[in-house]
Amino acid sequence: MSIPELDLNFHSYCSINIATASDTTIAEFNPFADGSYGSGATKKIVKTPDITYDSTTGRIIFGASGTYFIAFTAPTDCDAVSTGTAVAKIKLNGADVIVTPEMKIRRNMSPRAITLNSMFTVQAGDNITISIDGNHATTKTTVGTHIIAIKANGHFSGARYTVAADETTTASLYPMYDTDNEGGTVVSNTSGVTYSGADGGFTVSADRRFLLFSTWAFVAGGTVSDFSHIFRVGTTTIDELTAGMRTIQDPANHTFALVKSVTAADVITVNFDQGGTAGFTALKSTSFSMLDISNDGTQPSAHLSLTLNSDSDAFSTTSGDKDVFKAGNTSSGFGVTNHTSAAGITYDSSDGTFTVAGAGDYLVVATIGLDSTTNSTDPTLKITVNDAAYYAASYGTQSLSDPISMPVCLVISLTAGQYLNFFVNNAGAVIDDGSSVSIVRLDDVGGSKDLFAESTPVVEIADDFTINSFNKDTSDRQYGRLVEQVPMKLGVRGPVSLRGRRVASTTAPSTEKGNKE
């Protein structure tokens, strides 16, 4: 008898946001496992019922087979040492799949954002876990560690370096993932999108809106402030966010994300550029994900994506909360670039609010850049809902290795009329043009089905003599269950017979163990 499997016709998802610092340890640990927090952890969890989060083990367990966008960010610190390192991993069923290089954690520029993303194909029952492995006893993750998993119900593409690319010192723009010219090894996972290692291009096959999510793991050949992290469609730049670094503080991550509407045959690339000729090397775990935010072409009722097209004024280290998307933050030339026609979400530049028209679960992705840092400081990225704190994460900045990127990727449950704001507290820097926010309603993607695992019923005995009595699609009382197991009692047609005794089918099953006497 075959085991039935879920057939979910909606974006299943799981989002976990931890507002507590982990215990310090030199041992490898899972920041989503309860045991990493001796005094307990405050969490915000938003998920669909088909995904199980086991907080004891830190596992995310999938009820439906498919391909999922996984993104993870941990602000990582090393308290009592001038220089430490940490390795982050994403594991499938306990086996390492993505492993970062030893990311540098310097005392005067921490916490550091360690980010991983990819498209994972899983089977029902598989699990994903995360680990951080530092080289010092004071290694920890701090407030704002979070993970998201979203099932792809449309087109998608994922690519990541498993072997570093060659170093480049070019001052010319070039596409990454072009292994013919730049070397390295890239693995990909695509559907409806074609990846070519000959030119680094990702060619789409239909009109779609894609979440573009790119993370660099990189080293620099000196002290630089003008590496450009660029998305392009064909030969046209969509947008860019600037990155900086210096040799004694790398390897490091830099993340850039937005949602973009594209048409069939468009070619998307992730590009590198710079103003000088410093060395740049894309390391293993550098990754790019494209997630179709529709249900195979049926658009969500609410979506928005925009980036700043000018820098803010310079803010001091005591400036307090400054709204990233408020026009008053710059004395001249404020503006935003919309990357998709907004629907169901209203942005007001006068106060930086993003107001949703309908109640639902919303994917919220932001990458906020900070530049021209005055000195070493620890600014905090904040998200509020109706002026109440929802998310916060602090990151270290340093004038010789900025700009930095502060990434966040969460699902937030909102009611109709609620609004979001994005703040940087005590920035001590300029908020960079290219800083982005994308918001997409997830729970109605596809139009409107309730969250039931329904599919076409099948016959009780198949042509190959498979017995389907306990398949969810033949047991009518189980139609729409979100768990795979159909209880034996409910698979029985008509009255239950126990040792010749007739029992009404509505009789509850016994929960007593009984005895042998």
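Partly exposed means a relative accessible area between the buried limit, under 20%, and the exposed limit, over 50%. Keep that cut-off at hand for the salt bridges below. The model on screen is predicted.

**Stop 1: the largest core**

Select Phe 69, Phe 354, Leu 420 and Phe 422. These residues have the most contacts inside the largest nonpolar core, which has 59 residues. Now add strand S33, residues 404-414. This strand supplies the largest share of the core, eight residues.

Next, centre on Phe 422. Which residues is Phe 422 in contact with, leaving aside its neighbours within four places in sequence? Start with Lys 322, Asp 323, Val 324 and Phe 325, which are among them. Then pick out Phe 354, Val 364 and Ala 366. Finish with Lys 382, Ile 383 and Val 437.

Apart from the largest core lies another, of 36 residues. Select Ala 165, Val 193, Trp 216 and Phe 272, which are among its members.

**Stop 2: Asp 34 and Lys 43**

Turn to the salt bridges. The count comes to ten. Begin with Asp 34 and Lys 43, whose closest N and O atoms are 2.7 Å apart. Is Lys 43 buried or partly exposed? Lys 43 counts as partly exposed because its relative accessibility is 23%. Asp 34, with a relative accessible area of 33%, is partly exposed.

**Stop 3: Lys 140 and Asp 79**

Move to Lys 140. This residue forms a salt bridge with Asp 79, and the closest N and O atoms are 3.3 Å apart. The pair links distant parts of the chain, 61 residues apart. Show strand S11, residues 139-141, to place Lys 140. For Asp 79, show the loop between strand S5 (66-78) and strand S6 (83-92). Now colour by accessibility. Lys 140 is buried, with a relative accessible area of 17%. Asp 79 is partly exposed, at 33%.

**Stop 4: Arg 441 and Asp 444**

Select Arg 441 and Asp 444. Their salt bridge has its closest N and O atoms 3.8 Å apart. Are these residues buried or exposed? Arg 441 is buried, with a relative accessible area of 15%. Asp 444 counts as buried too, at 14% relative accessibility.

**Last stop: a network**

Finally, select Glu 28, Lys 89, Lys 91 and Asp 96. Salt bridges that share partners join these residues into one network.

Note on methods: Residues are numbered from 1 along each chain as its sequence is written. This is a predicted model: local features need pLDDT of at least 70, side-chain atom pairs count only at pLDDT 80 or more; totals for chains, interfaces and linings use all residues. Side-chain values use heavy atoms; hydrogens and water are left out. A nonpolar core is a set of buried Ala, Val, Leu, Ile, Met, Phe, Trp, Tyr and Cys residues joined through side-chain atoms within 4.5 Å. Buried means under 20% relative accessible area, exposed over 50%, partly exposed in between (1.4 Å probe, protein chains only). Helices (H or I, at least four residues) and strands (E, at least two) are DSSP runs, numbered from the N terminus. Contact means heavy atoms within 4.5 Å. A salt bridge is a side-chain nitrogen of Lys or Arg within 4 Å of a carboxyl oxygen of Asp or Glu.
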